[in-house]
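Q: Please take a close look at the interior of this structure, starting from a single residue, and then set what is found there in the context of the whole.

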Amino acid sequence: MAQEDLFKKIVSHCKEYGFVFPSSEIYDGLGAVYDYGPYGVELKNNIRKYWWDSMTLLHENVVGIDSAVFMHPSIWKASGHVDAFNDPLIDNKDSKKRYRADILIEEYLAKIDGKIQKEIEKAAKRYGDVFNETEYRATNPRVSELQAKRRETHTRFTQALNASNLEELRQIIVDAEILCPLSGTGNWTEVRQFNLMFSTEMGSTSQGAMRVYLRPETAQGIFVNFLNVQKTGRMKIPFGIAQTGKAFRNEIVARQFIFRMREFEQMEMQFFVRPGEEMEWFTRWKSLRMAWHKAMGLGPDKYRYHDHEKLAHYANAATDIEFEMPFGFKEVEGIHSRGDFDLRQHEKYSGKKMQYFDPESGQSYTPCVVETSIGLDRVFLSLIAGAYAEETLGQGETRVVLKLPPALAPVQLAVFPLVKKDGLPGKAEEIRNRLRFDFRCLYDEKDSIGKRYRRQDAIGTPYCITIDHETLNDDRVTIRFRDTMEQERVSVENLPGIIAEKVSLKNLLKKIND
Ligand code: GAP
């Protein structure tokens, strides 16, 4: 299936099965804002818990907070977001459509990569076993020409980004003959910076309202509480503070479903370390975070690191963990070494000391910070995209199945009476009532068993049990496994143990703790 088709199917699957709805749908929606439905919210809660437990249970020196969305506006001045949290935008004068200049250039570079790849695949087919890719790249005139063009544009692009040279960004677009996909022309405006923060007013206007921002990252709530947490928790460096919560960005190029939203959820952890030790911790957290992703079992090849060429205004080293979405490898998490930038800035703007007294050395210093910052919605999308499968079964039957990790599935166990009579519904409900305290259970008695299995496959329920006439005599049920579709007869008494062993979050956490 073409990746574009797969993505469309995933989006409509999310809507049809109550995972994600467009926001304000009856009013034709609101751009890049989404609501989570009954199964979506369960999946989201499970991902959040997996992240939270991996931070606060597996690391004695990581504690949590929950800071407010609204914060003093000076925080965003200090953090650099008021002045530097911008996207470079360009308009096409004919279509009046607005684009991110950097994304136009990145897409152009990706197109060249695609062309090079095609040439290589064609040659590999032509030459078979004797094909030598390195030699071909170095000697084939067409590939060399494409590579040279890519290298030149890429070098100009990174230099322009790092120097915030907007004129040069425009010139690259003009020189590369990048056209507007709508009007098909290269009639571009200048490139301008556009701040991504939403703002509103706090207090009544007559008393003088204060302009406040909707936080564009949760991290600042952690920085400004650094000393509160350190002192009240008697934390010793190195230690971390974790937080999950909503963040808001006025994304101009908002697209690809829940990948780039205007309201989204972050899960961030700031790890405070002794100055000089930040690169060691940066490397450690890079591998810990990759292990967290891989433990979900979507396949190790689906992930890769991507080191940043242009660093954010606060970072001195940064890498992304990317997941192979249906639209290519994309950032799901960022790991940044932020130095002591944020604490120093808050010290400067608030006039309050933001230092740590180290009892071991007897000295005070401003700690450095290694941050892990992950988008909950992007993990959600990676899980759905990685778990979605269409399978052909026997006799021309097909099924759509979400092979979600059992510990994260929105429903862990579905309970069915074989038929809606003969006392089977009563027995099924009795069993469900016993299990509902331990697992998220769903009871279903409508339609044939086959149809009920299909419904559960489509939402990723790992286990279904069926209560039949024999159950009334022997207290045994048929358990059916989602991925293999195999069935086994087990005693009701053993059910809690069997299911618990499979759906416990412990299974994921142990994988990353080894
Ligand atoms: N505190 C650092 C920070 O916010 P970031 O790389 O801008 O860094 C971190 O964002 C993560 O937040 C990203 O890796 C991504 O998963 C998520 N994220 C950022 N913007 C997003 C958006 N518009 N929609 C959904 N998720 C987003």
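A: Cys14 is buried, at 1% relative accessibility, where buried means under 20% relative accessible area, exposed means over 50%, and partly exposed lies in between (1.4 Å probe, protein chains only). The model is a predicted one, in which local features need pLDDT of at least 70 and side-chain atom pairs count only at pLDDT 80 or more, while totals for chains, interfaces and linings use all residues. Residues are numbered from 1 along each chain as its sequence is written, and side-chain values use heavy atoms, with hydrogens and water left out.

The closest cysteine sulfur to that of Cys14 belongs to Cys464 and lies 20 Å away, so the distance is too far for a bond. Cys180 is buried as well, with a relative accessible area of 1%. In the whole structure, a search finds zero disulfides, a disulfide being a pair of cysteine sulfur atoms within 2.5 Å.

Asp5 is found in helix α1, which spans residues 3-16; helices (H or I, at least four residues) and strands (E, at least two) are DSSP runs numbered from the N terminus. In contrast to a buried position, Asp5 is partly exposed, with a relative accessible area of 39%. Its C-alpha atom is separated by 18 Å from that of Thr392, a residue 387 positions away along the chain.

The interior can be followed further at Gln243, which belongs to strand β9 (residues 239-248). Gln243 has a relative accessible area of 0% and is therefore buried. Its side chain reaches the backbone nitrogen of Ser67 at 2.6 Å. Once neighbours within four places in sequence are set aside, the residues in contact with Gln243 include Trp51, Trp52, Ser67, Arg215, Gln266 and Glu268, contact meaning heavy atoms within 4.5 Å.

Glu268 also leads to the ligand. Of the 21 residues around the ligand, those that come nearest are Glu217, Met261, Glu268, Glu331 and Val332; a residue is near a molecule or strand if one of its heavy atoms lies within 4 Å of it. Polar atoms of the protein approach the ligand at several places. Glu251 has a polar side-chain atom 2.9 Å from a nitrogen atom of the ligand. Gly375 places a backbone N or O atom 3.0 Å from an oxygen atom of the ligand, and an N or O atom in the side chain of Arg378 is 3.4 Å from a ligand nitrogen. Taken alone, the ligand exposes 550 Å², and the protein buries 94% of that area; accessible areas come from the Shrake-Rupley method with a 1.4 Å probe, and for residues only the protein chains shown count as cover.

Which elements give two or more residues to the shell around the ligand? They are β10 (263-273), β13 (328-339) and β16 (368-375), and the largest share, six residues, comes from β13. By kind, the shell divides into six nonpolar, five polar and 10 charged residues. Here Ala, Val, Leu, Ile, Met, Phe, Trp, Tyr, Cys and Pro count as nonpolar, Asp, Glu, Lys and Arg as charged, and the others, Gly among them, as polar.

Strands β10 and β13 appear again beside helix α12. The buried residues of α12 (residues 341-350) are Asp342, Leu343, Gln345, His346 and Glu347. They pack against α3 (74-78), α9 (219-223), α10 (226-232), β10 and β13. After α12 comes Gly351, with a positive phi near 75 degrees.

A further buried acidic side chain is found in a loop. Asp468 lies between β21 (463-467) and α16 (471-474), and Asp468 is buried, with a relative accessible area of 15%. Its side chain makes a polar contact with that of Arg489 at 2.9 Å; a polar contact is a pair of N or O atoms within 3.5 Å, where within protein one must be able to donate a hydrogen and the other to accept it, and residues adjacent in sequence count only if both atoms are side-chain atoms. A polar atom of the Asp468 side chain also lies 3.2 Å from the backbone nitrogen of Glu470.

As for the whole, the protein has 18 helices and 23 strands, and buried residues make up 50% of its 514 residues. Of its contacts with a separation of 6 or more, 65% join residues 24 or more positions apart. The C-alpha atoms fill a box of roughly 80 × 70 × 55 Å along the principal axes.
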